[in-house]
Amino acid sequence: MSSPTAAAPPEAELAATAAEERVSVASNWTLVWWRFRKHRLALFCTLLLIGFYLVVLVPDFFATQDPEATDAKQAFIPAQPLHLFNAGQLGLWAPAVAGKRNAITLRMEWQVDETRRIPVGVFVQGEPYKLLGLIETDRHLLGPASGDAKDRLYLLGTDRLGRDQWSRLMFGTRTSMTIGMIAVAFSIVLGVILGGISGYFGGLPDLIIQRLVELLQSLPTIPIWLALTAALPQDWRPEQVFFAITLILSLLGWTTLAREVRGRFLALREEDFVLAAELAGCSRMRIITRHMVPTFMSHIIATSTLAIPVMIINETSLSFLGLGLRPPAISWGVLLQEAQNIQTVALAPWLLVPGLVVIVAVLAFNLVGDGLRDAADPYTH
Amino acid sequence: MLRFIVQRLLLLPVLLFVFSVVVFILIQAPPGDFLDSYLATLASSGSSVDEAQVVALRQQFGLDEPVHIQYLRWMEHILQGNLGLSLEYQRPNIELIGERLVLTVLLALFSFVFTWAVAIPAGIFSATHPHSGVDYIFTVLNYIGVATPNFMLALILMWVAYSALGLSVTGLFSPEFIDAPWGWARFVDLLKHIWLPMIILGVAGTARLTRVMRANLLDEMTKPYVVTARAKGLSEWRLVLKYPVRLALNPLVSTIGWYLPQLFSGSLIVATVMNLPNIGPLLLRALTSQDMYLAGSILFIYCFLTIVGTLISDILLALLDPRIRMEGAKA
């Protein structure tokens, strides 16, 4: 009598070793990917974020109208929800709106009229724009397809100046998502360089950088942020303000990353492979970039993914308070300024939609970041 | 222990000095000074100011002296407990800040208590019932709580209260109590209003702490001493509360160091949205009108509160964890 393992056909044994072989020869990044794809939710959120960044690339294509076009007669039109099925068949349509002036308050009151349907087409012609700033086109993803110029489509309603909120949201997405990305990119550069110096060289540079980090971390963030943005000259162009805000956000935000990088360097400095590289005559720069940084690169990426939503929330809060980006710039925070007055919100609750988009984006970043952080240590399980 | 606290206290003046310089640089940073913007508003409203008056005003506020002299003057006044005169309101800053400061601290403390009172039981429940329905609900709530900006939550709740109940939930007092002297009735009125800002301010922190508590406790629950205690026949609740919870609380105490300061500065946004008589809206107003001594005083107070928050957490941690105490004594 033989044991079950011995009785198993040799192919199964081979297959098992082949699977093991695959794991043992897989590169670090392959292992991270294998672990990451097990998080279904994180994977789904990655797709969501890719969608967000598509909007960042070509907001004009997703917008249905000019985001700046004002029309006082079209103020506070409620959202015209997009419907997928028309009379049991696949076909996009949105209900029309009908306005009536209130005889007492003299305010226009808009009602969604479900009986009159505006057909909605895809890839319709509209405002001309330059795709990616290069190709001239006038095709938009969605738009009214009735051919009647009077039929306007406000997927998310309009604000107090009659501007189309959906189109503004697309452009706001571009600004807010880019600010988050750029601010984090700056933080990574600062954090990795300063944290690296601190951890690799130790001694006096370490002491100075660590005191600086402690000082920055013990500053009351929001008030200092406000003071810094309030110090920006009032007559700066929107692009200048955008750049300055990004810089301010990252100047106060690099410390966490620097600490992380320093800790990793301290731990790795004593490792055998670093000693081996030193003995082999590698230069310091090569040891750092070729041997040390790749071992904790996945951690840096995970930490940065978790830092982006913090930046987004900060930018949105600053702009909401009127001290961040200012109109005519459009960002999620600027859009939410329209919702500052609670009476206005009660009248036009769709003005809160940009806030929901902020929550969804932040949630997606957090979930992806968590997934990446768990996946960053392929050997723990 | 005493030595550890003394060491921390000795660091306090150094930090305060550095912060005062930072704050002073910040309020000096905007181009032009208060008088420039004051004159601009006067000019735009049509009234004119003659040269002699401008010079007199400059001298009165010491605006034409070199920067370092202005700083020393400011510091001298602060050390004497004189926060200067608000250029805009023409009233002593200390009067403007006084009660608002009390309310700022009070709101932060209320939120702090709320956070701990909710996060610890929720964390314990999640960890003792992992992967149960309630645990999943808590997890989802935690993710949403972290992802929602404070001001957004305030807006949504205010909107719900306004449109569903017809309530206007702004402010911290009913109209008849706004200028009333402090008393029992006023305090009760405050309690009736402070709960909503308290929850809004505390939600994100509660979500984070619940996650920390759950993770800590889950780590402890698999340790052999828990199995031993269970084998001895200890009742489950006594076992959990007596041993692993106490250990899991330790890392939580170390979060006070960043959480209290975060509450102080976070209250700024909530207070502005909900129109609370806090130092936050006052700072915002002072910054936009370049009322620099008022803004400087408030920024300095925020820094001070931050340091005190960190100090409290250091001391609590030393009290709870002998290892930190010892390390302090050795150094």
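**Two chains, a sheet and a core**

Biologist: Which residues does Ile298(B) touch, not counting those up to four places away in sequence?

Modeller: This is a predicted model: local features need pLDDT of at least 70, side-chain atom pairs count only at pLDDT 80 or more, and totals for chains, interfaces and linings use all residues. Residues are numbered from 1 along each chain as its sequence is written, while chains are lettered from A and ligands numbered from 1 in the order in which they are written. Contact means that two C-beta atoms, placed from the backbone, lie within 7 Å. With that cut-off, and those sequence neighbours left out, Ile298(B) touches Ile97(B), Ile279(B), Leu282(B), Leu283(B) and Ala286(B).

Biologist: How many residues has the largest nonpolar core?

Modeller: A nonpolar core is a set of buried Ala, Val, Leu, Ile, Met, Phe, Trp, Tyr and Cys residues joined through C-beta atoms within 7 Å. Buried means 20 or more other C-beta atoms within 10 Å of a residue's own, exposed means 12 or fewer, and partly exposed is in between, with C-beta atoms placed from the backbone. Ala227(A), Leu283(B), Ala295(B) and Ile298(B) have the most contacts inside the largest core, and its residue count is 126.

Biologist: Which element gives the largest share of this core?

Modeller: Elements are DSSP runs numbered from the N terminus, with helices (H or I) of at least four residues and strands (E) of at least two. The largest share is 11 residues, and it comes from helix H14 (residues 292–320) of chain B.

Biologist: Between which domains of chain A does this core lie?

Modeller: Domain bounds come from an automatic or database assignment. Both domains of chain A give residues to this core, so it lies between domain 1 (69–160) and domain 2 (168–380).

Biologist: How far apart are the C-alpha centres of those two domains of chain A?

Modeller: The two do touch, with seven residues from domain 1 of chain A and seven residues from domain 2 of chain A in the contact. Their C-alpha centres, though, are separated by 37 Å.

Biologist: How many charged residues are on the side of chain A that touches chain B?

Modeller: That contact takes 30 residues from chain A and 39 residues from chain B, and H8(A) gives the largest share of chain A's side, seven residues. For classes, Ala, Val, Leu, Ile, Met, Phe, Trp, Tyr, Cys and Pro count as nonpolar, Asp, Glu, Lys and Arg as charged, and the others, Gly among them, as polar. Chain A's side then splits into 24 nonpolar and six polar residues, and the charged count is zero, or no residues.

Biologist: Which strands stand at the edges of the chain A sheet?

Modeller: Strands pair if DSSP finds at least two bridges between them. The open sheet runs E1-E2-E3-E4 (chain A) with antiparallel pairing. One side is left without a neighbour wherever a strand has a single partner, so the edge strands of chain A are E1 (83–86) and E4.

Biologist: Which residue has a positive phi near 60° in the hairpin of E2(A) and E3(A)?

Modeller: E2 (89–101) and E3 (108–131) of chain A run antiparallel and share nine bridges, and Arg101(A) stands opposite Met108(A). There are six residues between the strands, and the one with that phi is Leu106(A).

Biologist: Which residue in E4(A) stands opposite Lys130(A)?

Modeller: Eight bridges join E3(A) to E4 (residues 135–144) of chain A. Their hairpin has three residues between the strands, with Leu132(A) at a positive phi of about 55°. The residue opposite Lys130(A) is Glu136(A).

Biologist: What is the bridge partner of Phe85(A) in E2(A)?

Modeller: E1(A) and E2(A) are joined by three bridges. Two residues lie between them in the hairpin, and Ala87(A) in the turn has a positive phi of about 50°. The partner of Phe85(A) is Leu90(A).

Biologist: Is Arg269(A) buried or partly exposed?

Modeller: Arg269(A) is in helix H10 (residues 255–269) of chain A. With 15 C-beta neighbours inside 10 Å, Arg269(A) counts as partly exposed.
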